[in-house]
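User: I'd like to go through the labels on this model and ask what backs each one up.

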Amino acid sequence: MYRCSILEESSCQKEEIAMNTLKTQNLGTSAEAIKHHYDVGNDFYQLWLDSTNTYSGALWEENDANDTLELAQLRKLDFHINQARAKGAKRVLDIGCGWGSTLKRLIEVHDVEQAFGLTLSKAQAEWIASLNLPQAEVKLESWQDHSPVEPYDAIISLEAFEHFTKLELSHKERIAVYRKFFSHCHQWLKPSGWMSLQVSTYGNSRREDSSQFVFTEVLPETDFPTLAEIIEGSERIFEIVAIRNYRQDYEYTLKAWLSRLKANRAAGIELVGKEVVSRFEKYLSLSSICFHQGISNLFCFTLRRIDNPRKDSSC
Amino acid sequence: MEIQSSQIEQISTVSQSSNSQENISKKTATAAEIQDWLVCYLAELMENKPDEIDVTIPFDRYGLDSSAAIGMIGDLESWIGIELDPTLPYDYPSIETLARHLAEESKVNV
Ligand SMILES: C[S@@+](CC[C@H](N)C(=O)[O-])C[C@H]1O[C@@H](n2cnc3c(N)ncnc32)[C@H](O)[C@@H]1O
């Protein structure tokens, strides 16, 4: 097994060298742009996210009128933890860990020994530190700079992928970033390790149709991939075991957030001002239309590390 | 309907002027009242006369993009006094169908 991973490293060398030019360059969302969106105030997000502060599409139980946002978020976290085969694992990585709901769930419900989280948001890192989870370790660090001391048993990443590139990148640059991301995950995972990924993508739309409002005012320096780009980015690095589109679940999640934000509008204005509140209301409304119409999709991928990647290609 | 934000500014101006005349909560608005509101709203937005607005024509034929649709639903929400989904104009894509649906809804919600 170990011999295998040494061999893989050498087969990755070519790609690594090619990637060196990209190494120090951040082609995704800058720390400044992350701050603009995620650091508007933890108390503001608490007004409209669920009690676990999960900030990604939830998985709803169809035909269950009693389903709640909290339950749907926990169902989603459990789904990814199962897909990544993380239950009872020693070391699990969450790339783009938000306010730590996955880390907490891994430790408290799924008996994971150590859960590691990466985020670029200082407010999120501080929040997780205050959760009093001795088995969780959070770093204010980009995946690009991450270098674990030991490999992980499983990796989860929920809606962070959208921050890895931005609108103005060429196709080639974008695919290079995605391949670099999957190559890193490959290196960090133990042989036959699993990864569960959730990503919003373009659906029945093109990049040139994308909203200026969303990608400049709300989430600057961010961009969705297409399904094809994720596949191209992961080919011969990870095997795609399952893909499912949960766009309707995202529509329900966005509407639940919007409804909570509207119900707490006055408190929101008090905390962050009128302009920020109406920006978020507009963003949640626009996004719910996009997922309703299939302009955007929400994909969950179950991925298994390919232990013997084809040699003459980029690993 | 394209995803654009260009009309957001415009919408808030429209909302101020069209709603200032009537700012009462219409919890039991009838289909006819809602239809009149929508006709006036679109007429003002499109700089048309109300009698030039056809209630059976889909919203996007009036050039209503998603941002404008959000503005319209937001203003309608304040007027009608019940929470409305931003996707309503997509499920009920003309003035007539939207008004009829909302009249039913507001009855249920009273
Ligand atoms: C939409 S939030 C999702 C948070 C969390 N996964 C959840 O579901 O609640 C995206 C997260 O990705 C993080 N992120 C963005 N770019 C990143 C990068 N280059 N490296 C690590 N984390 C990143 C952000 O800081 C944020 O925590």
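Analyst: Sure, one definition to start: buried means under 20% relative accessible area, exposed means over 50%, and partly exposed is in between (1.4 Å probe, protein chains only). This is a predicted model, where local features need pLDDT of at least 70, side-chain atom pairs count only at pLDDT 80 or more, and totals for chains, interfaces and linings use all residues. Residues are numbered from 1 along each chain as its sequence is written, and side-chain values use heavy atoms, with hydrogens and water left out.

User: Why is A:Glu70 called partly exposed?

Analyst: A:Glu70 has a relative accessible area of 24%, so it counts as partly exposed.

User: What makes A:Glu70 and A:Arg260 a salt bridge?

Analyst: The rule wants a side-chain nitrogen of Lys or Arg within 4 Å of a carboxyl oxygen of Asp or Glu. Here the closest N and O atoms are 3.5 Å apart, so the pair qualifies. A:Glu70 sits in helix H4 of chain A and A:Arg260 in helix H10 (residues 247-263) of chain A, so the pair ties together parts 190 residues apart in sequence.

User: And why is A:Glu281 called buried?

Analyst: Its relative accessibility is 12%, so A:Glu281 counts as buried. A:Glu281 also forms a salt bridge with A:Arg265, with the closest N and O atoms 2.7 Å apart.

User: Why are H11(A) and H12(A) called oblique?

Analyst: Their axes cross at roughly 125°. Under 35 degrees would be roughly parallel, over 145 roughly antiparallel and 65 to 115 roughly perpendicular, with the rest oblique. H11(A) and H12(A) are therefore oblique to each other.

Methods: Chains are lettered from A and ligands numbered from 1 in the order in which they are written. Axes are lines fitted to C-alpha atoms, for helices over the stretch in contact, and angles run from 0 to 180 degrees between N-to-C directions. Helices (H or I, at least four residues) and strands (E, at least two) are DSSP runs, numbered from the N terminus.
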